[in-house]
Amino acid sequence: LLRRFGWAGIAALVPASFAGFVRFLFPRTLFEPEPVFRAGRREDYPSWTVSERFRRERGVWIVHDGGGIYALVARCTHLGCTPYWLEAEAKFKCPCHGSGFTREGVNFEGPAPRPLERAKVGLDGNGDLVVDLSVRFRAERGEWGRPGSFVQAEG
């Protein structure tokens, strides 16, 4: 009886080991969405609003500050946590260590060493907003005024 259980254990161990080896040959890969996406029309974003429509899916807020529309990257510059937009206080607040950012993305409280980054934003041939997350603009380098860091609010 003991011999049968021994052979049964070996018979189960060999296929399991083979399956583990085959799984090892095909490593897990991370599939990320394309960095460029359409974010709708300028009219979809009223003045002085922060849209959270793409925060979870794409990690970006679309902000209309009255004069321009820009895309803020939803990643705290301290340790990379995702801040929340607090409408009542008109600020972004990081839940990890308490960093606070203005609507424009400028850090004003907590340990964040620099402002939030902006993603490239532009208009396609149909007038739709196009966000490119592979291109970033940093305020401390004076890049927030460069072409691509924002689009004019009105046509």
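This briefing covers a predicted model. Start at histidine 64: leaving aside residues up to four places away in sequence, histidine 64 touches Tyr45, Pro46, Ser47, Trp48, Thr49, Ile69 and Ala153. Histidine 64 belongs to strand 3, which spans residues 60–64. From there the points below move to the neighbouring strands, the aromatic rings and the nonpolar cores.

**Histidine 64**

- Histidine 64 has a relative accessible area of 4%, and because buried means under 20%, histidine 64 counts as buried.
- A polar atom of the histidine 64 side chain lies 3.3 Å from the backbone oxygen of proline 46.
- Proline 46 is also one of the residues that histidine 64 touches.

**Strand 3 and its partners**

- Strand 3 is mostly covered, with 5 of its 5 residues buried.
- In a regular strand, side chains alternate between the two faces of the sheet.
- Both faces of strand 3 are covered. Val60, Ile62 and His64 are buried on one side, and Trp61 and Val63 are buried on the other.
- Strand 2, residues 49–51, pairs with strand 3 in the antiparallel sense over 3 bridges.
- Opposite histidine 64 stands threonine 49. Threonine 49 is also among the contacts of histidine 64.
- Strand 4, residues 68–73, runs antiparallel to strand 3, and 5 bridges join the two.
- In strand 4, isoleucine 69 is the bridge partner of histidine 64. Isoleucine 69 also appears among the residues that histidine 64 touches.
- The hairpin of strand 3 and strand 4 has 3 residues between the strands. In this hairpin, glycine 66 takes a positive phi near 100 degrees.

**Strands 4, 9 and 10**

- Strand 4 also pairs with strand 9, in the antiparallel sense, over 2 bridges.
- Alanine 71 has alanine 119 as its bridge partner in strand 9.
- Strand 9 and strand 10 run antiparallel and are joined by 6 bridges.
- Glycine 122 has valine 130 as its bridge partner in strand 10.
- The hairpin of strand 9 and strand 10 has 4 residues between the strands. Here glycine 127 takes a positive phi near 90 degrees.

**Aromatic pairs**

- The whole structure holds 3 aromatic pairs.
- In one of them, the ring centres of phenylalanine 37 and phenylalanine 54 are 5.0 Å apart. Their planes stand at 50 degrees, so this pair is tilted.
- Phenylalanine 37 lies in strand 1 (residues 36–41), while phenylalanine 54 lies in the loop between strand 2 and helix 2 (55–58). The pair therefore ties together parts that are 17 residues apart in sequence.
- Phenylalanine 37 counts as buried, at 6% relative accessibility. Phenylalanine 54 counts as buried too, at 7%.
- Tryptophan 61 and phenylalanine 92 form another aromatic pair, also tilted: 4.2 Å centre to centre, with 40 degrees between the planes.
- Tryptophan 61 is in strand 3 and phenylalanine 92 is in strand 6 (residues 91–93), so the pair ties together parts that are 31 residues apart in sequence.
- Tryptophan 61 and phenylalanine 92 are both buried.
- One aromatic cluster is formed by Trp61, Trp85 and Phe92.

**Arginine 118 and two rings**

- Arginine 118 lies over the face of tyrosine 70, 3.8 Å from the ring centre.
- The charged end of arginine 118 also sits over the ring of tryptophan 144, at 4.3 Å from its centre.

**Nonpolar cores**

- The largest nonpolar core has 15 residues. Phe37, Ala39, Phe54, Ile62, Leu129 and Val131 touch the most other members.
- Strand 1, strand 3, strand 4, strand 9 (118–123) and strand 10 (128–137) each give two or more residues to this core.
- Not counting residues up to four places away in sequence, alanine 39 touches Tyr45, Arg53, Phe54, Ile62, Leu129 and Val131.
- Apart from the largest core lies another core, of 14 residues. Its members include Trp85, Phe92, Cys94 and Ala112.

**Leucine 25**

- Leucine 25 is in helix 1, which covers residues 2–25.
- Leucine 25 counts as partly exposed, at 48% relative accessibility.
- Leucine 25 and proline 83 are 58 residues apart along the chain, and their C-alpha atoms are separated by 38 Å.

Key: Residues are numbered from 1 along each chain as its sequence is written. This is a predicted model: local features need pLDDT of at least 70, side-chain atom pairs count only at pLDDT 80 or more; totals for chains, interfaces and linings use all residues. Side-chain values use heavy atoms; hydrogens and water are left out. Buried means under 20% relative accessible area, exposed over 50%, partly exposed in between (1.4 Å probe, protein chains only). A polar contact is a pair of N or O atoms within 3.5 Å; within protein, one must be able to donate a hydrogen and the other to accept it, and residues adjacent in sequence count only if both atoms are side-chain atoms. Contact means heavy atoms within 4.5 Å. Two strands pair if DSSP finds at least two bridges between them. Rings of Phe, Tyr and Trp (its six-membered ring) pair if their centres lie within 6.5 Å; planes under 30 degrees apart count as stacked, over 60 as edge-to-face and the rest as tilted. A charge sits over a ring if NZ of Lys or CZ of Arg is within 6 Å of the ring centre and within 35 degrees of the ring normal. A nonpolar core is a set of buried Ala, Val, Leu, Ile, Met, Phe, Trp, Tyr and Cys residues joined through side-chain atoms within 4.5 Å.
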